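Okay everyone, thanks for coming. I'll put the sequence and the structure up on the screen, and then we'll walk through a few bits of it together.

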Amino acid sequence: MSTRTKIVIAGVAVGLLLWPLIGFWMSLLVLIGVPAVAYLALDPGQRRRLRRVGRKELGR
């Protein structure tokens, strides 16, 4: 199982656990917002490297 798959599974699990506690829209915001903020926190060189690695894995 790839690292990306593990992260997705963990994100879905966290979302399902948060859903009854904070409501659907807030849990959806957490699921979408946290990865977006983490990506935006990277500097431009790290973002380029991340996109390049992602494309290489898709071409396998």
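**A walk through the chain**

Let's start with one residue, Val-8, which sits in helix H1. Just so you know, what you're looking at is a predicted model. Is Val-8 buried, exposed or partly exposed? Its relative accessible area is 49%, so it counts as partly exposed, because the exposed label is kept for residues over 50%. Now look across to Leu-31: the two are 23 residues apart in sequence, yet their C-alpha atoms are 9.8 Å apart in space.

Okay, let's zoom out. How many helices and strands does the protein chain have? Three helices and zero strands, so if you read along the sequence you get α-α-α.

What about the overall shape? The C-alpha atoms fill a box of roughly 40 × 25 × 10 Å along the principal axes. The radius of gyration is 14 Å, whereas a compact globule of 60 residues would come out near 10 Å. And of those 60 residues, just 5% count as buried. The accessible surface adds up to about 5200 Å², with 71% of that belonging to carbon and sulfur atoms.

Next, a pocket. The second largest one holds about 170 Å³ of space. Which elements give two or more residues to its lining? Those are helix H1, running 3-22, and helix H2, running 24-41. H2 gives the largest share, with four residues. If you want to find the lining on screen, look for Ile-7, Gly-11, Val-14, Val-30, Leu-31, Val-34 and Pro-35. Yes, that's Leu-31 again! Sorted by type, the lining has six nonpolar residues, one polar and no charged.

Last stop: the aromatic rings. There are two aromatic pairs here. In one of them, the rings of Trp-19 and Phe-24 have centres 5.3 Å apart and planes at 50°, so we call that pair tilted. The other brings in Trp-25: its ring centre is 4.8 Å from that of Phe-24, and the planes are at 75°, so this pair is edge-to-face. The reason for the split is that planes over 60 degrees apart count as edge-to-face. Put together, Trp-19, Phe-24 and Trp-25 form one aromatic cluster.

How open are these three residues? Trp-19 is partly exposed at 42% relative accessible area, and Phe-24 is also partly exposed, at 38%. Trp-25, at 65%, counts as exposed.

That's my tour, so over to you for questions.

Technical notes. Residues numbered from 1 in each chain as written. Predicted model: local features only at pLDDT ≥ 70, side-chain atom pairs only at ≥ 80, totals over all residues. Heavy atoms only, no water. Rg over C-alpha atoms; globule rule 2.2 N^0.38 Å. Buried < 20%, exposed > 50% of the residue type's maximum accessible area, 1.4 Å probe, protein only. Areas by Shrake-Rupley, 256 points an atom, 1.4 Å probe, with all protein chains shown as cover. 1 Å grid on protein atoms, 1.4 Å probe; cavity = no way out; pocket = protein on both sides within 12 Å on 5 of 7 lines; lining within 4 Å. Points joined across faces, edges and corners; volume = space filled by probe spheres on them. Nonpolar A, V, L, I, M, F, W, Y, C, P; charged D, E, K, R; others polar. Phe/Tyr/Trp six-rings, centres within 6.5 Å; stacked < 30°, edge-to-face > 60°.
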